[in-house]
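Work through the following exercises with the sequence and the coordinates side by side. Each task is followed by a solution that proceeds step by step.

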Amino acid sequence: MITELAVERVEFTCGHCWHGWTADYDVQHYRDEDGADWEYFSHDGIPVASPYSPDGAPACPGCHRHWVGHLTARRLIPLPTNEPAGPRTGVTTDPALHRPERNLAPPIPVTSHQLPTRQQPVGF
């Protein structure tokens with residue numbers, strides 16, 4: 001059962017060439033039948049290992065070495081409930097007929113985000 005959905009912005013800084021970049025990851029928290037909790041990450045709709053682990057660390061765009069990221073921002077995505085709390089739309093019994101253009105729409109790309117520049121304190 002999915003217990004939480006979120007988008008997490010992860011910041012990376014290369015320890016070799018000091019290039020910095022960010023990327024957004026979709027994260028699912030899942031509880032299996034045995035009660036164990038798991039995290040599933042995807043980047044641009046492709047399942048990937050955790051960007052917080054050496055196995056999932058992406059390559060630096062500058063020097064291609066791999067660096068583990070750290071969380072800088074997070075947005076929760078509400079899980080559906082059985083309560084009619086908000087507007088909802090019924091789906092036809094044939095999924096191919098329900099908004100068929102959605103099956104052909106390209107994925108929204110996950111792109112790097114520019115980090116804000118840090119201001120030097122006055123007097124330094």
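## Exercises on a predicted model

Of the 124 residues in the protein, 19% are buried. The model is a predicted one, and the exercises below take its architecture, its core and its cysteines in turn.

**Exercise 1.** Determine how many helices and strands the protein has, and in what order the strands lie in the sheet.

*Solution.* Start with the count: the protein contains zero helices and five strands, and the pattern along the sequence therefore reads β-β-β-β-β. Next, place the strands side by side, which gives an open, antiparallel sheet with the order 4-3-2-1-5. Strand 4 (46-48) and strand 5 (70-77) stand at the edges with a single partner strand each, so one side of each has no neighbour in the sheet. From one strand to the next, the twist averages 35 degrees.

**Exercise 2.** Describe the pairing of strand 1 with strand 5, of strand 2 with strand 3, and of strand 3 with strand 4, giving the number of bridges.

*Solution.* Begin with strand 1 and strand 5, which pair in the antiparallel sense over seven bridges; in this part of the sheet, Arg9 stands opposite Ala73 of strand 5. Continue with strand 2 and strand 3 (residues 37-43), which run antiparallel and are joined by six bridges, with Val27 opposite Phe41 of strand 3. Finish with strand 3 and strand 4, an antiparallel pair joined by three bridges, where Phe41 stands opposite Val48 of strand 4.

**Exercise 3.** Which residues take a positive phi in the two hairpins, that of strand 2 with strand 3 and that of strand 3 with strand 4?

*Solution.* In the hairpin of strand 2 and strand 3, five residues lie between the strands, and Gly35 takes a positive phi near 85 degrees. In the hairpin of strand 3 and strand 4, two residues lie between the strands, and Asp44 in the turn has a positive phi of about 55 degrees.

**Exercise 4.** Identify the residues of the largest nonpolar core, and say which strand gives the most to this core.

*Solution.* The largest nonpolar core has nine residues, namely Val10, Phe12, Cys14, Trp21, Ala23, Tyr25, Val27, Phe41 and Cys60. Strand 1 (2-13) and strand 2 (20-31) each supply at least two residues of this core, and strand 2 gives the most, with four. As general background, nonpolar side chains tend to be buried together in soluble globular proteins.

**Exercise 5.** Explain why neither Cys14 nor Cys17 is assigned to a disulfide, and state whether each is buried or partly exposed.

*Solution.* The structure holds zero disulfides, and the cut-off for one is a pair of cysteine sulfur atoms within 2.5 Å. For Cys14, the closest cysteine sulfur belongs to Cys63 and lies 3.4 Å away, which is too far for a bond. For Cys17, the closest cysteine sulfur is that of Cys60, at 3.6 Å, again too far for a bond. Turning to accessibility, Cys14 is buried, with a relative accessible area of 0%, whereas Cys17 is partly exposed, at 36%. Cys60 can then be set among its contacts: leaving aside neighbours within four places in sequence, Cys60 is in contact with Cys14, Cys17, His19, Trp21, Arg65 and Trp67.

**Exercise 6.** What share of the exposed area do carbon and sulfur atoms supply?

*Solution.* The protein exposes about 9700 Å², and carbon and sulfur atoms supply 57% of this area.

Methods
Residues numbered from 1 in each chain as written. Predicted model: local features only at pLDDT ≥ 70, side-chain atom pairs only at ≥ 80, totals over all residues. Heavy atoms only, no water. Core = buried A, V, L, I, M, F, W, Y, C linked by side-chain atoms within 4.5 Å. Buried < 20%, exposed > 50% of the residue type's maximum accessible area, 1.4 Å probe, protein only. Contact = heavy atoms within 4.5 Å. Areas by Shrake-Rupley, 256 points an atom, 1.4 Å probe, with all protein chains shown as cover. Pairing = 2+ DSSP bridges. Axes fitted to C-alpha atoms, helices over the stretch in contact; angles between N-to-C directions.
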